[in-house]
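Q: Could you take a close look at one part of this chain for me? I'd like to get a feel for one loop and its surroundings, and then see how that fits with the rest.

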Amino acid sequence: GKVTDASLFSDDLIAACVDGIYSYYNDLADKQFGEYEMAGSFQDGKAAVKKNGKWMLIDTSGKVISDKFDEIVLDNVGNYLVGGTMLAKVGGTYGLYDKKLKLKFKLDCSDADVLTEDGILAVCKDDKWGFADKEGKILIKPKYEDAKSFSNGLAAVKKNGAWGFIDLDDNVVIDFQFFDVGYMSEKGICPVRTDFLTVPSDSSDEIEWEIVESWRFLELELGIKED
């Protein structure tokens with residue numbers, strides 16, 4: 001089948017999406033168990049999966065440990081725990097949970113981005129995005145069209161249809177110029193989308209431009225700000 005996504009390989013298992021269905025495989029690519037809508041990486045013998053519209057935690061045999069969640073937010077490598085904390089929604093409310101699935105703090109928001117090691121989370125309220133810490137305290141009031149959680153000291157935010165980057169003091173470090181962005185790595189590298197226009201080779205006499213998506217790597221030295 002066609003593999004379109006995969007988690008990290010951990011606890012001798014990897015979640016792979018084959019023909020639209022996630023299952024867990026061993027290091028010989030033999031299917032072990034599961035048919036899920038979404039599946040994440042194992043951490044200390046547990047992984048988050050989605051089945052029949054419901055999120056749950058399972059063990060390495062596929063046994064359900066907890067299925068009380070409306071949503072479990074995975075990071076960009078499929079981890080449900082970041083720094084010992086899980087971001088999940090129960091009863092329509094987002095909250096931060098510890099390893100034992102005990103609620104630590106509720107978040108007053110309608111949507112939330114992924115947790116990162118920075119511990120400063122992008123949250124949405126009244127259709128605007130801002131930032132909160134891991135105790136739910138708002139650090140930057142919601143005012144952006146979209147946002148991604150802080151990574152390596154910077155956060156991507158969207159304004160007037162374009163993405164740029166801010167620091168913890170809400171100063172614009174990189175101006176709003178990108179069509180889409182990722183997360184900043186520890187080495188200060190981030191994927192950014194810089195589209196361009198082109199004329200199709202098979203176009204008619206009338207010029208018809210089309211947008212071509214172009215992803216590049218943005219490199220920067222943290223702390224350097226634009227004038």
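A: Here's a walk through one loop, followed by some other spots and the chain as a whole. Keep in mind that this is a predicted model.

Let's start with the loop between β1 (3-6) and β2 (14-18), which is where Asp-12 sits. Ser-10 has its place in the loop between β1 and β2 too. These two residues make a nice contrast. Ser-10 has a relative accessible area of 17%, so it counts as buried, being under the 20% cut-off. Asp-12 comes out at 56%, so this residue is exposed, with the bar set at over 50%.

What does Ser-10 touch? Setting aside neighbours within four places in sequence, Ser-10 is in contact with Ser-41 and Phe-42. Asp-12, for its part, belongs to a patch of negative charge on the surface, together with Asp-11, Asp-27, Asp-30 and Asp-44.

Charge is worth following across the whole chain as well. There are 27 positive and 43 negative charges, and their mean positions lie 9 Å apart.

One of the charged residues worth a stop is Lys-148, in the loop between β18 (146-147) and β19 (155-159). Lys-148 is buried but has no salt bridge. Asp-180 is the nearest side chain of opposite charge, at 4.7 Å, while a salt bridge needs the side-chain nitrogen within 4 Å of a carboxyl oxygen. Not counting residues up to four places away in sequence, Lys-148 touches a mixed set of partners, among them Asp-113, Phe-131, Trp-163, Asp-180 and Tyr-183.

For a nonpolar counterpart to the aspartate patch, go to Trp-209, in the loop between β24 (196-198) and β25 (210-212). Trp-209 is exposed, with a relative accessible area of 54%. Along with Leu-197, Val-199, Ile-207 and Ile-211, Trp-209 makes up a nonpolar surface patch of about 550 Å².

Now zoom out. The chain has 26 strands and 0 helices, and its C-alpha atoms fill a box of roughly 55 × 50 × 35 Å along the principal axes. Of its 227 residues, 45% are buried. The accessible surface adds up to about 12700 Å², with 47% of that belonging to carbon and sulfur atoms. As for contacts between residues at least 6 apart in sequence, 30% of them join residues at least 24 apart.

Notes
Residues numbered from 1 in each chain as written. Predicted model: local features only at pLDDT ≥ 70, side-chain atom pairs only at ≥ 80, totals over all residues. Heavy atoms only, no water. Helix = DSSP H or I, 4+ residues; strand = E, 2+ residues; numbered from the N terminus. Buried < 20%, exposed > 50% of the residue type's maximum accessible area, 1.4 Å probe, protein only. Lys, Arg positive; Asp, Glu negative; His and termini not counted. Contact = heavy atoms within 4.5 Å. Patch = residues over 30% accessible without salt bridge, like charges linked within 9 Å, V, L, I, M, F, W, Y side chains within 5 Å. Areas by Shrake-Rupley, 256 points an atom, 1.4 Å probe, with all protein chains shown as cover. Charge placed at Lys NZ, Arg CZ, Asp CG, Glu CD.
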